Amino acid sequence: IPAYGMWVRDFGPKFLRNKVGGLTMVDFAYLDRPATDGTIRTDDDKVPQSLAKMFRTSVVSIPLSMEGGNLLTNGNGVCISTSQIVAENSHRRYGMQEVANILRDYFGQEQWASLEHLPVDNTRHADTYVMFTSPDTVVVASCDPQEDAASAAVMDKAAAQLAKINFMGKPLRVVRIPMTLKGDDAVRTYTNVVFANGTLLVPQYADAGPGMNEQALNIYRETMPGWNVVGIECLSVARKGGSLHCITCNVPSPSLAPLELGLSK
């Protein structure tokens, strides 16, 4: 399938479990206005429709401009983005309420946390510093305020905001994970992970601080018992503007079997 960019998480489809238990693809608009380099990514935006034909899966096109790395969900009605998702729809004259209505009507999201983006992150996506690890647990990055006071404040504010979300009668569990900010364009994120059938792929960085790579792995091992947690060197990808989650697109099983919640103990 022809595509201009490598960021398939952003232009690829979202998969939903429909009312009869099967899969439905959601196709949102990707960069339907000129990108930072002046291009309109027409080929990238066509990828979901091509994949739907290959997978013989139904597809629903929705009136929302979005990049997939900026919509995280616990799979059970709670989603997270940064406020960038509203900014991306200014040409549609959408405000927060219009975006919230689409997230509810098409994605089934009943609760939406709109966070600030990191000042150092050119993508302005939530997956740069936040990630669900189970329906009731979310990992949020933290950094030394002496490295970047503004980014540290955004992370702490997000952690406090997410801890106030109620899911199944309890507040979301928030787990903090370290992030090093070196003042360059490479954001060394540990939340930009890939869930792969019981294996969790976690970014690692050759120039990370002493022990920080292993610390990140151990936090996931403690948070996700039973998962095989594997580190993947990602500095070269980070220097291009993303990490593991950005360059992958998960395809769920077409099985009609009920999904397990996998709640934390």
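Is E116 buried, partly exposed or exposed? I looked this up before anything else. E116 counts as partly exposed, at 37% relative accessibility. I keep in mind throughout that this is a predicted model.

**Entry 1: the E116 salt bridge**

I checked the partner of E116 next. Its side chain meets that of K157 in a salt bridge, 2.6 Å from N to O. The pair links distant parts of the chain, 41 residues apart. E116 sits in the loop between strand 6 (111–115) and strand 7 (130–134), and K157 sits in helix 5. I also read off the accessibility of K157. K157 is partly exposed, with a relative accessible area of 48%.

**Entry 2: the cavity**

I searched for enclosed space. The count comes to 1 cavity of 30 Å³ or more. The volume of the largest cavity is about 30 Å³. I listed the lining: L115, E116, Y129, V154, K157, A158 and Q161. Both E116 and K157 are on that list, and these two residues also form the salt bridge of Entry 1. Helix 5 (residues 149–163) gives the largest share of the lining, 4 residues. By type, I noted 4 nonpolar, 1 polar and 2 charged residues in the lining.

**Entry 3: Y129 and the cores**

Y129 lines the cavity, and I followed it further. What does Y129 touch, leaving out residues up to four places away in sequence? I found L115, E116, L118, V139, V140, A141, V154, M155, A158, M179 and T191. Of these, L115, E116, V154 and A158 also appear in the cavity lining.

Then I looked at the nonpolar cores. The largest has 49 residues. Within it, I80, Y129, V130, L162 and Y220 touch the most other members. Helix 5 supplies the largest share of this core, 6 residues. A second, separate core holds 14 residues, including M66, I85, V99 and L103. I add a general remark: in soluble globular proteins, nonpolar side chains tend to be buried together.

**Entry 4: other salt bridges**

How many salt bridges does a search of the whole structure find? I get 6. I looked closely at two besides the E116 pair.

One joins D207 and R188, with the closest N and O atoms 2.9 Å apart. D207 lies in the loop between strand 13 (199–204) and helix 6 (212–223), and R188 in the loop between strand 11 (173–178) and strand 12 (194–196), so the pair ties together parts 19 residues apart in sequence. I compared exposure across the pair. D207 counts as partly exposed at 24% relative accessibility, whereas R188 counts as buried at 2%. The cut-off for buried is under 20%, so R188 falls within it and D207 does not. I also found that D184, R188 and D207 are linked in a network of salt bridges.

The other joins the side chains of D105 and R104, at 2.9 Å from N to O. D105 is exposed, with a relative accessible area of 53%. R104 counts as partly exposed, at 37% relative accessibility.

**Entry 5: G95**

Where is G95 placed? I found it in the loop between helix 3 (84–87) and helix 4 (96–107). G95 is partly exposed, with a relative accessible area of 22%. I took one distance from there. G95 and S134 are 29 Å apart in space, C-alpha to C-alpha, and 39 residues apart in sequence.

Technical notes. Residues are numbered from 1 along each chain as its sequence is written. This is a predicted model: local features need pLDDT of at least 70, side-chain atom pairs count only at pLDDT 80 or more; totals for chains, interfaces and linings use all residues. Side-chain values use heavy atoms; hydrogens and water are left out. On a 1 Å grid over the protein atoms alone, a cavity is a set of points where a 1.4 Å probe fits but cannot get out, and a pocket is an open set with protein on both sides within 12 Å along at least five of seven lines; lining residues have an atom within 4 Å of a point. Grid points are joined across faces, edges and corners, and a volume is the space filled by probe spheres set on the points. Helices (H or I, at least four residues) and strands (E, at least two) are DSSP runs, numbered from the N terminus. Ala, Val, Leu, Ile, Met, Phe, Trp, Tyr, Cys and Pro count as nonpolar, Asp, Glu, Lys and Arg as charged, and the others, Gly among them, as polar. A salt bridge is a side-chain nitrogen of Lys or Arg within 4 Å of a carboxyl oxygen of Asp or Glu. Buried means under 20% relative accessible area, exposed over 50%, partly exposed in between (1.4 Å probe, protein chains only). A nonpolar core is a set of buried Ala, Val, Leu, Ile, Met, Phe, Trp, Tyr and Cys residues joined through side-chain atoms within 4.5 Å. Contact means heavy atoms within 4.5 Å.
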